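Hi there,

Here is the structure I promised to pass on. My notes follow below it, so please have a look at the model and then read on.

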Amino acid sequence: MAGPRSDHHVILRVVAKPLIPIIALFALYVHFHGDYSPGGGFQAGVIIVVAVVLYALVFGITPAMRAVPPVFARSLAALGFIIFAGVGVWALIMGGNFLDYDVLFNEEPGGHMGQHYGIIAVEVGVLFAVAGSMLSIFYAFAGRVTEIKDEDW
Amino acid sequence: MIAGYSGADLAIALINVLLLGLLFVVGVAIARMRSLFAIVMLSGIYSLISATWFVALDAVDVAFTEAAVGAGISTALLLGAMLLTARTAKPEKGAMQIVPILVVLATGAMLVYATIDLPAFGDPDSPANTYVGTDYLERTPREIAVPNIVTAVLASYRGFDTLGETGVVFTAALAVILLLGFGERSLSATFNRKKDKK
């Protein structure tokens, strides 16, 4: 969309550009602070996709696909689901029940390392799966229209 | 002063009335509109107001998700979907207009009737605040040692449910990809068609 034709979007581009890294940073905060405050993998995944969607809306879908390729988005979704289910299988291998984080590190009863790292790993899985899935859905819709024309708004 | 309310309670009651009134107005506006772009924008506003209302009800986690998903990403996705179809919805014919309002009125009457049996908001003896809820509150510091109990319930106690939810999101993406294609291939196809026309 960038080009001499759409020069009247210059304010939009200037305002959106510094916002995008802040949105991505906020997503990371929401993710890693999920143990202490509202938020977690799901919300963080959605917020990080919002940053990419904003980029796609302002600068065009093709530059966005060059920055975050669709093949990366869908691989990320699959990888996230594998991480989540993999933690469950890890617990199975360590001799516990599926997704039973207490057994992950073979610690003494009363230790919380397994719970802590299990939750972090699972949240990373949710983050990847949600971010990848949402971005794939957005690309699937947005990839079918070459460009959002001004009269469409 | 309105009977029964004073101070902070009155303020919260007024905020609730204001937010629910706004939700009602936006809902009526959505029902009466024909321009899909305006409807998409109004549904985003509806989500944002509901998120504010959830904060007033102390459900910050739900409010956060509603704001991020309802007002953020689904507005963008609906915009993308809207661009693939017509810009305005077709008006319904005469008799068909009466059916939805009857369904809405009947459902609304049933819901109002059901609220009579609901426990008061914040009632410590309500089913939501006894049994398993108190159990999680008691056991989380001892068993999980995570300050945010919502995270402990979501990721550990109900980890299986969350795995299923992640699977649902992943399946939704797969379904959209199967129906619409990956995006980049259809994008390059449209570009090539444009070049061929030139």
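A word on terms before anything else: helices (H or I, at least four residues) and strands (E, at least two) are DSSP runs, numbered from the N terminus. This is a predicted model, in which local features need pLDDT of at least 70 and side-chain atom pairs count only at pLDDT 80 or more, while totals for chains, interfaces and linings use all residues. Residues are numbered from 1 along each chain as its sequence is written, and chains are lettered from A and ligands numbered from 1 in the order in which they are written.

Let me begin with chain A. Lys17(A) sits in helix α1 (residues 10-32) of chain A. Lys17(A) counts as partly exposed because 13 other C-beta atoms lie within 10 Å. For burial, a residue is buried if 20 or more other C-beta atoms lie within 10 Å of its own, exposed if 12 or fewer, and partly exposed in between, with C-beta atoms placed from the backbone. The C-alpha atom of Lys17(A) is 7.9 Å from that of Tyr55(A), although 38 residues separate the two along the chain.

Chain A as a whole contains 5 helices and 0 strands, so to speak in the order α-α-α-α-α from the N terminus on. Buried residues are 43% of its 153. Residues 24 or more positions apart supply 63% of the contacts in chain A with a separation of 6 or more; here two residues are in contact if their C-beta atoms, placed from the backbone, lie within 7 Å.

One helix pair in chain A deserves a look. Helix α2 (residues 41-59) of chain A packs against helix α5 (residues 113-142) of chain A at an angle of about 30°, and their axes are 7 Å apart. The axes are lines fitted to C-alpha atoms, for helices over the stretch in contact, and angles run from 0 to 180 degrees between N-to-C directions. The crossing of α2(A) past α5(A) is right-handed, where right-handed means that the near helix is turned clockwise from the far one by less than a right angle, and left-handed that it is turned anticlockwise. On the α2(A) side, the residues that meet α5(A) include Gly41(A), Ala44(A), Ile48(A), Val52(A) and Ala56(A). Among their partners in α5(A) are Glu123(A), Leu127(A), Val130(A), Met134(A) and Phe138(A). Sorted by class, this contact has 17 nonpolar, 2 polar and 1 charged residues. For these classes, Ala, Val, Leu, Ile, Met, Phe, Trp, Tyr, Cys and Pro count as nonpolar, Asp, Glu, Lys and Arg as charged, and the others, Gly among them, as polar.

Now to chain B. There are 8 helices and 0 strands in chain B, and the pattern along the sequence is α-α-α-α-α-α-α-α. The radius of gyration of chain B is 23 Å, well over the 16 Å that the globule rule gives for 198 residues, so chain B is more spread out than a compact globule. That radius is taken over C-alpha atoms, and the globule rule is 2.2 Å times the number of residues to the power 0.38. Along the principal axes, the C-alpha atoms of chain B fill a box of roughly 70 × 50 × 30 Å. Of the 198 residues in chain B, 19% are buried, and 41% of the contacts with a separation of 6 or more join residues 24 or more positions apart.

Two annotations come from UniProt, both from an unreviewed entry. "Domain: MrpA C-terminal/MbhD" is placed at residues 22-83 of chain B, a stretch that is 90% helix and 0% strand, with its end C-alpha atoms 28 Å apart. "Domain: MrpA C-terminal/MbhE" covers residues 125-180 of chain B, where the chain is 77% helix and 0% strand and the end C-alpha atoms are 50 Å apart. UniProt positions are given in the numbering used here, feature names are shortened, and annotations may be inferred rather than shown by experiment.

How do the chains meet? The contact takes 45 residues from chain B and 50 residues from chain A. On the side of chain B, the elements that give two or more residues are α3 (60-83), α6 (149-157), α7 (159-180) and α8 (184-197). The residues on that side divide into 29 nonpolar, 14 polar and 2 charged. Within α6(B), the buried residues are Thr151(B), Ala152(B), Val153(B), Leu154(B), Ala155(B) and Ser156(B). Their cover includes α5 of chain A, together with α5 (132-143) and α7 of chain B.

Lastly, two loop residues of chain B to check by eye. Asp58(B), in the loop between α2 (36-56) and α3 of chain B, has a phi near 70°, a positive value in a residue other than glycine. Asp58(B) counts as exposed because it has 10 C-beta neighbours inside 10 Å. Tyr131(B) lies in the loop between α4 (98-115) and α5 of chain B, and its phi, near 45°, is again positive in a residue other than glycine. With 9 C-beta neighbours inside 10 Å, Tyr131(B) counts as exposed.

Best wishes, and happy browsing!
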